[in-house]
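Have the sequence and the 3D view open side by side before you read on. We'll take the contact between the chains to begin with, and then go through each chain in turn.

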Amino acid sequence: MKNRIKVFRAMHDLTQEGLAKELGVTRQTILAIEKGKYDPSLDLAFKIARFFEVSIEDVFTYEE
Amino acid sequence: MKIRISRNISYIIVAFIALIEIGVIWWAADYNRPPAMEVTSLALTIGIVIAYFLMDIARKTEPGGIDERVELVNSKSALRTLQIFWILSFSMLLATIIRFIDFSRDIRRAIFGPVFGQLIMLVGIILLFVAFRVYYNNKYGGYDSDEESD
């Protein structure tokens, strides 16, 4: 699964630590998601999308 | 000076402390006279206190609590550990029984011995695993019926 969290973070001028605090997860989790090493749960994916006020498809792209 | 220890390092140090404690108990059983009991008690107490402080330092070094990724890492690690531990323990205990079993003796005495007890516990783990599978399957809707199965 690809994602554009890094782009949205830059647009909102947020660090990984800052985003992690906003979402109530660890910085390592944000790092792992950004690098594509960890696919977040649906719950966390929605939280990320809602935080950036975009749809979930804007943040995440599913690839077979 | 602030001491920083990651959780993994703290676990490894605690494991080494536990190994030292086992060594002390071994020595005490071998020495078997004063002050073996006092030294063992003191060593166990010191070990527990050090382990507590180490875990506390690790908690402060890696704050942020548990999130879904950490939970996944922990549960996968625990499951793999249990699987490997189970296979190793079962193999070792079985090998011990085959090595030391004496068919000329009344085998019923051995049934209640420590080796058989541990084997029964390992079988108990399988039953416990099944019980948890049923519980979690039920919790996450595995047994729910819908309009297609009615």
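Where the two chains meet, chain A contributes seven residues and chain B contributes five, a contact being two residues whose C-beta atoms, placed from the backbone, lie within 7 Å. Sort the side of chain A that touches chain B by class and you get four nonpolar, three polar and no charged residues. For that sorting, Ala, Val, Leu, Ile, Met, Phe, Trp, Tyr, Cys and Pro count as nonpolar, Asp, Glu, Lys and Arg as charged, and the others, Gly among them, as polar.

A word on what you're looking at: this is a predicted model, in which local features need pLDDT of at least 70 and side-chain atom pairs count only at pLDDT 80 or more, while totals for chains, interfaces and linings use all residues. Residues are numbered from 1 along each chain as its sequence is written, and chains are lettered from A and ligands numbered from 1 in the order in which they are written.

Now for chain A. Its average pLDDT (the predictor's confidence in each residue, from 0 to 100) is 91, and 100% of the residues score at least 70. Element by element, helix α3 (residues 27-34) of chain A has the lowest mean, 90, and α4(A) the highest, 95. Chain A holds five helices and two strands, laid out along the sequence as β-α-α-α-α-α-β. Helices (H or I, at least four residues) and strands (E, at least two) are DSSP runs, numbered from the N terminus. Of the 64 residues in chain A, 17% are buried; that label takes 20 or more other C-beta atoms within 10 Å of a residue's own, with 12 or fewer making it exposed and anything in between partly exposed, and C-beta atoms are placed from the backbone. Look at contacts in chain A between residues at least 6 apart in sequence, and 51% of them join residues at least 24 apart.

Two loops of chain A deserve a look at their backbone. Most residues other than glycine have a negative phi. A:D13, though, has a positive phi near 55°; you'll find A:D13 in the loop between α1 (5-11) and α2 (16-23) of chain A. A:D13 is exposed, because only 7 other C-beta atoms lie within 10 Å. A:E53 is also not a glycine, and its phi is positive at about 55°. It sits in the loop between α4 (42-51) and α5 (56-59) of chain A, and A:E53 counts as exposed because it has 9 C-beta neighbours inside 10 Å.

On to chain B. The 25 residues of α1(B) should span 36 Å at 1.5 Å a residue, and the end C-alpha atoms are 36 Å apart, so the two agree; the expected span is 1.5 Å times one less than the number of residues. After α1(B) comes B:N32, with a positive phi near 50°. Further along, the peptide bond from B:P34 to B:P35 is cis, with omega near 5°. B:P35 belongs to the loop between α1 (7-31) and α2 (36-61) of chain B.

How do the helices on either side of that loop pack? α1(B) and α2(B) meet at an angle of about 175°, with their axes 10 Å apart. That makes α1(B) roughly antiparallel to α2(B). Axes here are lines fitted to C-alpha atoms, for helices over the stretch in contact, and angles run from 0 to 180 degrees between N-to-C directions; under 35 degrees counts as roughly parallel, over 145 as roughly antiparallel, 65 to 115 as roughly perpendicular and the rest as oblique. By class, the contact of α1(B) with α2(B) has 18 nonpolar, three polar and two charged residues. One residue to pick out is B:V39, in helix α2 of chain B. Leaving aside neighbours within four places in sequence, B:V39 is in contact with B:V24 and B:A28.
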